[in-house]
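Okay, everyone, thanks for squeezing me in. I'd like to walk you through one structure, so let me put it up on the screen.

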Amino acid sequence: TSTPSPQKKKQPDSTPPRRIPVELDLDLKEAAQGFHRLAQMSPHNNIITPSTPTSNSPKQLQDESDDPHVLRVLLVDEEALVESGGGRPMTLRNFVQQVQLADVTIDARSLIVRSVLEWLQTHYNNTENNADRSSTATSTELLPVILETHSKEWFHSIKYELRKHGYQVIDIFDVDGDGSSTKGEQTRSPPSKIPMLVYERTGADTISTIRAFLKANMIEPRNVCALLSSHDGLQHLQDLEDSIQKKGEVGRICSSEIYHKAFAFVRQEALEGTNIQDIQRQIDTITKTELDHYFEESL
């Protein structure tokens, strides 16, 4: 399994970045080489393809794409663009399918966006927050979301994505105590009542930022969600909750947990004999479903 990163493509200033680049991501060539090496390590890698063994033809070894004991699962931002030497753009999903780089692809970006949307919906649907919602925006207005991050690229990327789903991402320092915005946007709620996403470079940094805002009474525990990339951040979050005696109130979205569930789901379906096409269809459905409920029902 791999998380490839497309080659970086310069985009116009008016177009937000399609994804957040991660330095440790593999590119597609590295992912393909990794799949090949892992297939070679399989004790079944010398299986002969059923179409080739005849008394008059040479034996042909299976490629990893033909080996029924090897399932290639690729975690990738499916809508990110790659560009050929001739300048033809193509989504990563289409490229992977055309060159048969993987058997199943998991859309990394959609899983995280769906998780964030679920948390925001839960926040705005919470009975304790109903008054906040009615005073925050009308049915035709974008609902405000505060995003705290060190990266301008991350801020604009998440802002662009959430706007498509009815949310206006703002900076906490752009909102005055009475809810008025220094940039002319009117939220009609104080910052402490507006849901906040915190996404820093490390899990420790993310929890440290949340701790500082809580200490300064700038936010309430139930209105903030930590965006974490590894399980390490969960331990820092637990320490924070123990210190403020607010167990379970601070929201958390951990990408490594979400991806682990997705990979575990694919593996379980494969072990149960589900064909690849049906596995792919189910994975595509997951990105449009309540994730935890779907995984809990399936695993």
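So, helix 3 passes helix 8 in a right-handed crossing. Keep in mind that this is a predicted model. Their axes sit 10 Å apart, and the packing angle is about 120 degrees. At that angle helix 3 counts as oblique to helix 8. Who makes the contact? From helix 3 you have Ala 108, Leu 111, Ile 112 and Ser 115, and from helix 8 it's Ser 255, Ile 258, Tyr 259 and Ala 262. Sorted by class, that contact of helix 3 with helix 8 has six nonpolar residues, two polar and no charged ones.

Stay on helix 3 for a moment, and look at helix 5, which is residues 152–163. The axes of helix 3 and helix 5 come within 11 Å and cross at roughly 70 degrees. Anything from 65 to 115 degrees counts as roughly perpendicular, and therefore helix 3 and helix 5 are roughly perpendicular to each other. This crossing is right-handed. On the helix 3 side the contact uses Arg 109, Val 113, Val 116, Leu 117 and Leu 120, and helix 5 brings Ser 157, Glu 161 and Leu 162. Here the classes come out as five nonpolar, one polar and two charged.

Now, what about the nonpolar core? The largest one has 34 residues, and the members that touch the most other members are Ile 106, Leu 162, Tyr 167, Leu 197 and Val 266. Which helix gives the most to this core? That's helix 3, residues 108–125, with eight residues. You've just met Leu 162, by the way, in the contact between helix 3 and helix 5.

Let me zoom in on Leu 197. Setting aside residues up to four places away in sequence, Leu 197 touches Val 116, Trp 119, Val 145, Ile 146, Leu 147, Glu 148, Leu 162, Cys 225 and Leu 227. Apart from that big core there's another one, of 20 residues, with Ile 207, Ile 210, Leu 234 and Val 250 among them.

Two of those names, Ile 207 and Ile 210, take us to helix 6, where they are part of the contact with helix 7. Helix 6 is residues 203–215 and helix 7 is residues 232–244, and they pack at about 20 degrees with their axes 8 Å apart. That angle makes helix 6 roughly parallel to helix 7. The crossing is, again, right-handed. Besides the two isoleucines, helix 6 puts in Gly 203, Ala 204, Arg 211 and Leu 214, and these meet Gly 233, His 236, Leu 237, Leu 240, Ser 243 and Ile 244 of helix 7. By class, the contact of helix 6 with helix 7 has seven nonpolar residues, four polar and one charged.

While we're on helix 6, have a look at Thr 209, which is in that helix. Is Thr 209 buried or exposed? It's at 16% relative accessibility, so it counts as buried. Leaving out neighbours within four places in sequence, Thr 209 is in contact with Glu 148, Val 198 and Glu 200. The C-alpha atoms of Thr 209 and Ala 226 are 9.6 Å apart, with those positions 17 residues apart along the chain.

Next, a couple of loops. Asn 217 is in the loop between helix 6 and strand 8. Its phi is near 60 degrees, which is positive in a residue other than glycine. Asn 217 has 66% relative accessibility, so it counts as exposed. Gln 100 also has a positive phi, near 55 degrees. Where is Gln 100? You'll find it in the loop between helix 2 and strand 4. Gln 100 is exposed too, with a relative accessible area of 55%.

Pro 191 is a loop residue as well, between strand 6 and strand 7. That one is buried, with a relative accessible area of 12%. The C-alpha atoms of Pro 191 and Glu 220 are separated by 9.4 Å, and the two residues are 29 apart along the chain.

Last, the whole-protein view. There are ten helices and nine strands. Of the 299 residues, 44% are buried. And if you take contacts with a separation of 6 or more, 65% of them are between residues 24 or more positions apart. That's my tour, so shout if you want me to go back to anything.

Notes
Residues numbered from 1 in each chain as written. Predicted model: local features only at pLDDT ≥ 70, side-chain atom pairs only at ≥ 80, totals over all residues. Heavy atoms only, no water. Axes fitted to C-alpha atoms, helices over the stretch in contact; angles between N-to-C directions. Helix = DSSP H or I, 4+ residues; strand = E, 2+ residues; numbered from the N terminus. Parallel < 35°, antiparallel > 145°, perpendicular 65-115°, else oblique. Left-handed = near helix turned anticlockwise from the far one by under 90°. Contact = heavy atoms within 4.5 Å. Nonpolar A, V, L, I, M, F, W, Y, C, P; charged D, E, K, R; others polar. Buried < 20%, exposed > 50% of the residue type's maximum accessible area, 1.4 Å probe, protein only. Core = buried A, V, L, I, M, F, W, Y, C linked by side-chain atoms within 4.5 Å.
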